[in-house]
Amino acid sequence: MVSNHSPLSQAETLFYNTLLDENTACHIGIGNASPSNLLNGSNLSEEELKAAGLNTSLLLVNVTFGSEDMKVVGIKEDGTEVLLMKDGDFQF
């Protein structure tokens with residue numbers, strides 16, 4: 001997640017460079033799952049990663065989104081809601 005008030009977001013520019021553009025707003029990367037999402041995932045073999053449910057893809061697409069009034073609420077396993085972002089800015 002990226003605050004709507006970050007310097008890159010405030011630039012209101014499309015950089016045509018994924019490394020910059022993905023940091024101008026919140027984004028979701030659709031493609032290969034990252035081994036870093038698993039405990040000790042970087043030490044697992046390809047077979048172990050696949051057995052753990054990580055997908056592989058030949059293509060990665062980043063989808064960016066965000067707005068000045070964006071609200072993000074996280075939901076814990078017990079159903080408790082946690083406000084993470086309000087009005088495009090972090091709440092923690």
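**Accessibility, surface patches and loop geometry in a predicted model**

Student: Is N43 buried or exposed, and what is its relative accessible area?
Tutor: The structure is a predicted model in which local features need pLDDT of at least 70 and side-chain atom pairs count only at pLDDT 80 or more, while totals for chains, interfaces and linings use all residues. Residues are numbered from 1 along each chain as its sequence is written, and side-chain values use heavy atoms, without hydrogens and water. Buried means under 20% relative accessible area, exposed over 50% and partly exposed in between (1.4 Å probe, protein chains only). N43 is therefore exposed, at a relative accessible area of 63%.

Student: Where does N43 lie, and how many Å separate its C-alpha atom from that of M1?
Tutor: N43 belongs to the loop between β1 (26-30) and α3 (46-51), where helices (H or I, at least four residues) and strands (E, at least two) are DSSP runs numbered from the N terminus. N43 and M1 are 42 residues apart along the chain, and the separation of their C-alpha atoms is 27 Å.

Student: S45 lies in the loop between β1 and α3; what is the separation of its C-alpha atom from that of P35?
Tutor: At 27% relative accessibility, S45 is partly exposed. S45 and P35 are ten residues apart along the chain, with their C-alpha atoms separated by 9.9 Å.

Student: Which residue in the loop between β1 and α3 has a positive phi although it is not a glycine?
Tutor: Most residues other than glycine have a negative phi. A phi of about 60° in this loop therefore departs from that pattern. The residue concerned, placed between β1 and α3, is N40.

Student: Which strand supplies the largest share of the nonpolar surface patch?
Tutor: A patch joins residues with over 30% relative accessible area and no salt bridge, nonpolar side chains (Val, Leu, Ile, Met, Phe, Trp, Tyr) within 5 Å and like charges within 9 Å. Here I28, I30, L59, V61, V63 and F65 form the nonpolar patch, with about 530 Å² of accessible area together (Shrake-Rupley method, 1.4 Å probe, only the protein chains shown counting as cover). β1 and β2 (61-65) each contribute at least two of its residues. The largest share, three residues, comes from β2.

Student: How accessible is V63?
Tutor: V63 is a residue of strand β2 and a member of the nonpolar patch. V63 counts as partly exposed, because its relative accessible area is 40%.

Student: Which residue of the negative patch lies in the loop between β4 (81-86) and β5 (89-90)?
Tutor: The negative patch consists of E12, E68, D69 and D87. E12 lies between α1 (7-10) and α2 (18-21) and is exposed, with a relative accessible area of 72%. The loop between β4 and β5 holds a residue with phi near 55°, partly exposed at 45%: D87.

Student: What distance separates the C-alpha atoms of K86 and E68?
Tutor: K86 is in strand β4 and is partly exposed at 42% relative accessibility. K86 and E68 are 18 residues apart along the chain, yet their C-alpha atoms are separated by 8.8 Å.

Student: Which residue has its backbone nitrogen 2.7 Å from a polar atom of the D21 side chain?
Tutor: D21 lies in helix α2 and is buried yet has no salt bridge (a side-chain nitrogen of Lys or Arg within 4 Å of a carboxyl oxygen of Asp or Glu). The nearest side chain of opposite charge, K71, is 28 Å away. The backbone nitrogen at 2.7 Å from the D21 side chain is that of F15.

How values were computed:
Lys, Arg positive; Asp, Glu negative; His and termini not counted. Charge placed at Lys NZ, Arg CZ, Asp CG, Glu CD. Polar contact = N/O pair within 3.5 Å; in protein donor to acceptor, adjacent residues only side chain to side chain.
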